[in-house]
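Take a minute to look over the chain before reading on. Let's walk through it together, one piece at a time.

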Amino acid sequence: MGNAMRASLRSKIIEVCDSKIRSKGADVGLSFYAFFANKNDNPALLMEAAQWWIMERKLDHFEKAVKIRKMVEDLPSL
């Protein structure tokens, strides 16, 4: 299952994945930057997402939104 993720990040990832899938279809890809505004107003949360994406899961820069959504849904929340 993997490490737990803070509930706010988990919710944001699921929300963004759902939105991208609705607007662009099931094959849409995204990076972890998709979960943040262009202005870096929460560097700790950005680093948490990067740590999970790059170090823990060893994901490519772009991944299918449906894959990311499923991975995050399966994680326990903090």
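Which residue takes a positive phi just after α1? That's G25, with a phi of about 100°. Keep in mind as you look around that this is a predicted model. There's a similar spot to find further along: just after α2, K58 takes a positive phi of about 50°.

Now back up to α1 itself. This helix has 18 residues, and from its first C-alpha to its last it reaches 25 Å, close to the 26 Å expected at 1.5 Å a residue. Its buried residues are L9, R10, I13, I14, V16 and C17. Looking down the axis of α1, you'd find these buried residues within an arc of 165°, so they line one face of the helix. Turn to the face pointing away from that buried side and you meet the exposed residues R22 and S23. And what covers the buried residues of α1? The cover includes β1, α2 and α3.

Next comes α2. At 1.5 Å a residue, its 14 residues should span 20 Å, and the end C-alpha atoms are 18 Å apart, which agrees. Tucked away here as buried residues are L45, L46, A49, A50, W52 and W53. The elements covering them include α1, β1, β2 and α3.

Then there's α3, residues 65-73, where A65, I68, R69, M71 and V72 are buried. They cover an arc of only 165° around the axis, which puts them on the same side of α3. Among the elements that cover these buried residues are α1 (7-24), β1 (29-30), α2 (43-56) and β2 (63-64).

So where do the helices come together? Have a look at the largest nonpolar core, which has 23 residues; I13, F35, W52, W53 and I68 touch the most other members. The elements giving two or more residues to this core are α1, α2 and α3. The largest share, six residues, comes from α2. To get a feel for the surroundings of one core residue, pick W53: leaving aside its neighbours within four places in sequence, W53 is in contact with L30, S31, F32, F35, K58, L59, D60, H61, E63 and I68.

Charged side chains have their own story. The structure holds six salt bridges. One of them pairs E15 with K12, at 4.0 Å from N to O. Both residues lie in helix α1, three residues apart, which is about one turn of the helix. Here's the handy rule behind that: an α-helix has 3.6 residues a turn, so residues three or four places apart point the same way. K12 is partly exposed, with a relative accessible area of 34%.

Another salt bridge joins R69 and D18, whose closest N and O atoms are 2.3 Å apart. Since R69 lies in helix α3 and D18 in helix α1, the pair ties together parts that are 51 residues apart in sequence. D18 is partly exposed, at 23% relative accessible area, whereas R69 is one of the buried residues of α3. The pair also has company, as D18, R69 and E73 are linked in a network of salt bridges.

Finally, find D74 and K70, whose side chains meet in a salt bridge at 3.0 Å, N to O. D74 counts as partly exposed at 34% relative accessibility, and K70 is partly exposed too, with a relative accessible area of 46%.

Conventions. Residues numbered from 1 in each chain as written. Predicted model: local features only at pLDDT ≥ 70, side-chain atom pairs only at ≥ 80, totals over all residues. Heavy atoms only, no water. Buried < 20%, exposed > 50% of the residue type's maximum accessible area, 1.4 Å probe, protein only. Helix = DSSP H or I, 4+ residues; strand = E, 2+ residues; numbered from the N terminus. Arc of directions from axis to C-beta. Contact = heavy atoms within 4.5 Å. Expected span 1.5 Å × (residues − 1). Core = buried A, V, L, I, M, F, W, Y, C linked by side-chain atoms within 4.5 Å.
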